[in-house]
Amino acid sequence: MTVRFGVFVPQGWRMDLTEIADPVEQFEAMTAVAKAADAGPWDSIWVYDHFHTTPEPTVNTTFEAWTITATLARDTSRVNVGQMVGCNGYRHPALYAKMASTVDVASHGRLYAGLGAGWYEHEWKAYGYEWPELKDRMGAFREAVEIVTKMWTEDAPVFDGRYYSIDKPINEPKGVRRPHPSFWIGGGGENVTLKLVAKYADGANFGNGDPDVIREKLAILRRHCDTAGRDYADIIKSTSVVVDLAWSRAELQARIDAVLEAGADYPILYFPRVAYDHTPLLSFASEIIPQYS
């Protein structure tokens, strides 16, 4: 099994820039982490698609996902750059596809375009988005995934659904990576999301580092792949691991081993306080990643 690693940059959503007062310095701290990852063995850097902080909204910096995806793509030269994951409710899927195509070109084909149905109710309402029932959020998400794929692969896409419609929008350039920008779908819903992963996705994300959940979801994904005639091995299976800085090196490696044994092949790590101290990031890159090369 090929194992690759991603890392989140500090963008403020997890209250990880609060000790820096100046917003320009905050942005540069985020960029510095991206550049440190770019200089190492990491495959990718990641951002969250959120507008204000968690675990509760506070008056603190949270940089917007797609604008920083574009700028980080230009501040780096090697790593892939992605969102874990884009919230479908925040952008019409045709606009999402156009933005992603643009950033894929700007990054010379290094975009990992993430999309999910969305979950942060307070944030939706605060920004004026209607908060739909789960059935409607998932219905819209299903249509959005199809529209995005059409926008990336067809010259005159047409779609007339319950939630969205498009009528031959021109999306040029469609991107650099072929057959389309790398498409990552986030979420573990068994009846909608994992079926969409099996049919459309290059990568999936679920589990939040829980081996039992990873094992369960991958078994369902494998069945959906069989039904859809998709090669299960073609899909990247990622999970997010929030690092406890109190863990020893052995404990951290045991956590990584556990998610890999459960079937994930792409851990994406979040290091608290990495905006202020790159040491854990650099140590992981030099001491642990090479063991999985």
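Modeller: Before we look at any residue, take two of them to be in contact when they have heavy atoms within 4.5 Å of each other. The model here is predicted, and local features need pLDDT of at least 70 and side-chain atom pairs pLDDT 80 or more, whereas totals for chains, interfaces and linings use all residues. Residues are numbered from 1 along each chain as its sequence is written, and side-chain values use heavy atoms, with hydrogens and water left out.

Biologist: Which residues is phenylalanine 5 in contact with, leaving aside its neighbours within four places in sequence?

Modeller: With those neighbours set aside, phenylalanine 5 is in contact with Trp42, Asp43, Ser44, Ile256, Tyr266, Pro267, Leu269, Phe284, Ile289 and Tyr292.

Biologist: Which residues touch the most other members of the largest nonpolar core?

Modeller: A nonpolar core is a set of buried (under 20% relative accessible area) Ala, Val, Leu, Ile, Met, Phe, Trp, Tyr and Cys residues joined through side-chain atoms within 4.5 Å. In this model the largest such core has 81 residues, of which Phe5, Trp42, Ile45, Tyr96, Phe271 and Phe284 touch the most other members. Helix H5 (helices are DSSP runs of H or I with at least four residues, strands runs of E with at least two, numbered from the N terminus) gives the most to this core, with 9 residues. A second, separate core of 13 residues includes Phe8, Met84, Trp184 and Tyr266.

Biologist: How many disulfides does the structure hold?

Modeller: With a disulfide taken as a pair of cysteine sulfur atoms within 2.5 Å, the structure holds 0 of them. As for the cysteines themselves, Cys87 has a relative accessible area of 7% and is therefore buried, and Cys225, at 0% relative accessibility, counts as buried as well.

Biologist: And what does threonine 193 touch, not counting residues up to four places away in sequence?

Modeller: Threonine 193 is found in helix H6, which covers residues 193-200, and apart from residues up to four places away in sequence it touches Met138, Phe141, Ile185, Gly186, Gly187 and Gly188. Because its relative accessibility is 4%, threonine 193 counts as buried. Its C-alpha atom is separated by 31 Å from that of aspartate 38, and the two residues are 155 apart along the chain.

Biologist: Where in the chain is there a cis peptide bond ahead of a proline?

Modeller: The bond from threonine 54 to proline 55 is cis, with omega near 10°, and proline 55 lies in the loop between strand S2 (44-47) and helix H2 (65-75). A cis bond also joins glutamate 172 and proline 173, with omega about -10°, and proline 173 is found in the loop between strand S7 (165-167) and strand S8 (182-186).

Biologist: Which residues other than glycine have a positive phi?

Modeller: Methionine 15 has a positive phi of about 60° although it is not a glycine, and it is found in the loop between strand S1 (6-8) and helix H1 (23-38). Arginine 273 also has a positive phi, near 70°, and lies in the loop between strand S11 (266-270) and helix H9 (279-287).

Biologist: Are these two residues buried or partly exposed?

Modeller: Partly exposed means between 20% and 50% relative accessible area, computed with a 1.4 Å probe on protein chains only, and over 50% counts as exposed. Methionine 15 is partly exposed because its relative accessibility is 31%, and arginine 273, with a relative accessible area of 41%, is partly exposed too.
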